[in-house]
Amino acid sequence: MYLKRIVALTGAKRVCGDTYFLKAGGKRFLIDESAVRLISHSGGKSTCFSIPTHPYMPRQEVIASALLQLKDNPKLFKKWRKQPGYLFRANGKTFRTGRLFRREL
């Protein structure tokens with residue numbers, strides 16, 4: 001139910017299974033529970049990165065978080081791609097290692 005609300009809020013479209021298409025900031029993204037892909041306008045190029053998550057985080061929450069963050073700030077994709085494995089806040093700043101889950105659990 002939570003994911004459906006986020007999909008409606010961001011204007012994302014379900015492509016198949018748990019993969020969603022999102023337009024934000026002139027860019028096109030495919031998002032699922034393990035990766036975010038940037039789709040090129042020319043159709044020939046794309047790039048992706050794996051989403052770092054907590055092992056117990058539900059996949060719907062992972063997708064919803066990525067949708068919200070990209071809709072709010074599509075430039076995050078570039079930071080995510082350049083610094084794989086780091087956790088970013090919606091404002092583009094990184095969390096210190098381990099602090100994300102201790103504070104929010």
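**Exercises on a predicted model**

The side chains of Asp32 and Arg37 are joined by a polar contact of 3.3 Å, where a polar contact is a pair of N or O atoms within 3.5 Å, of which, within protein, one must be able to donate a hydrogen and the other to accept it, residues adjacent in sequence counting only if both atoms are side-chain atoms. The structure is a predicted model, in which local features need pLDDT of at least 70 and side-chain atom pairs count only at pLDDT 80 or more, while totals for chains, interfaces and linings use all residues. Residues are numbered from 1 along each chain as its sequence is written, and side-chain values use heavy atoms, with hydrogens and water left out.

**Exercise 1.** Describe the surroundings of Asp32, stating where it is found, whether it is buried or exposed, and which backbone nitrogen its side chain reaches.

*Solution.* Begin with the position: Asp32 is found in the loop between strand S3 (27–31) and strand S4 (35–39), helices (H or I, at least four residues) and strands (E, at least two) being DSSP runs numbered from the N terminus. Next comes accessibility, for which buried means under 20% relative accessible area, exposed over 50%, and partly exposed in between, with a 1.4 Å probe and protein chains only. Asp32 counts as buried because its relative accessibility is 11%, whereas Arg37, at 28%, counts as partly exposed. Finally, the side chain of Asp32 reaches the backbone nitrogen of Ser34 at 2.9 Å, and the side chains of Asp32 and Arg37 also meet in a salt bridge, 3.3 Å from N to O. A salt bridge is a side-chain nitrogen of Lys or Arg within 4 Å of a carboxyl oxygen of Asp or Glu.

**Exercise 2.** State how many salt bridges a search of the whole structure finds, and explain what the pair of Asp18 and Arg59 ties together.

*Solution.* The search of the whole structure finds two salt bridges. In one of them, Asp18 pairs with Arg59, and the closest N and O atoms are 2.5 Å apart. Since Asp18 lies in the loop between strand S1 (13–16) and S2 while Arg59 belongs to helix H2, the pair ties together parts that are 41 residues apart in sequence. Arg59 is partly exposed, at a relative accessible area of 42%. As background, side chains of opposite charge can pair when their charged atoms come close.

**Exercise 3.** Check the span of helix H2 against its expected value, and then list its buried residues.

*Solution.* The expected span of a helix is 1.5 Å times one less than its number of residues. With 14 residues, H2 should therefore span 20 Å, and this agrees with its end C-alpha atoms, which are 20 Å apart. The buried residues of H2 are Val62, Ile63, Ala64, Ala66, Leu67 and Leu70. An α-helix has 3.6 residues a turn, so residues three or four places apart point the same way. Two further residues of H2 (residues 59–72) deserve a look: Leu68, found in this helix, counts as partly exposed at 31% relative accessibility, and Ser65, also placed in H2, is partly exposed with a relative accessible area of 24%.

**Exercise 4.** Compare the contacts of Ala24 and Thr19, leaving aside neighbours within four places in sequence.

*Solution.* Contact means heavy atoms within 4.5 Å. Ala24, found in strand S2 (residues 19–24), is buried with a relative accessible area of 6%, and is in contact with Phe29, Leu70, Lys71 and Pro74. Its C-alpha atom is separated by 6.0 Å from that of Pro74, although the two residues are 50 residues apart along the chain. Thr19, likewise found in S2, is buried at 18%, and is in contact with Lys13, Arg14, Leu30, Ile31 and Asp32. Leu30, in turn, is found in strand S3, is partly exposed at 22%, and touches residues including Val15, Thr19 and Arg37.

**Exercise 5.** Summarise the whole protein by its helices and strands, their pattern along the sequence, and its share of buried residues.

*Solution.* The protein contains four helices and five strands, which follow the pattern α-β-β-β-β-β-α-α-α along the sequence. Of its 105 residues, 31% are buried. Among contacts with a separation of 6 or more, 38% come from residues 24 or more positions apart.
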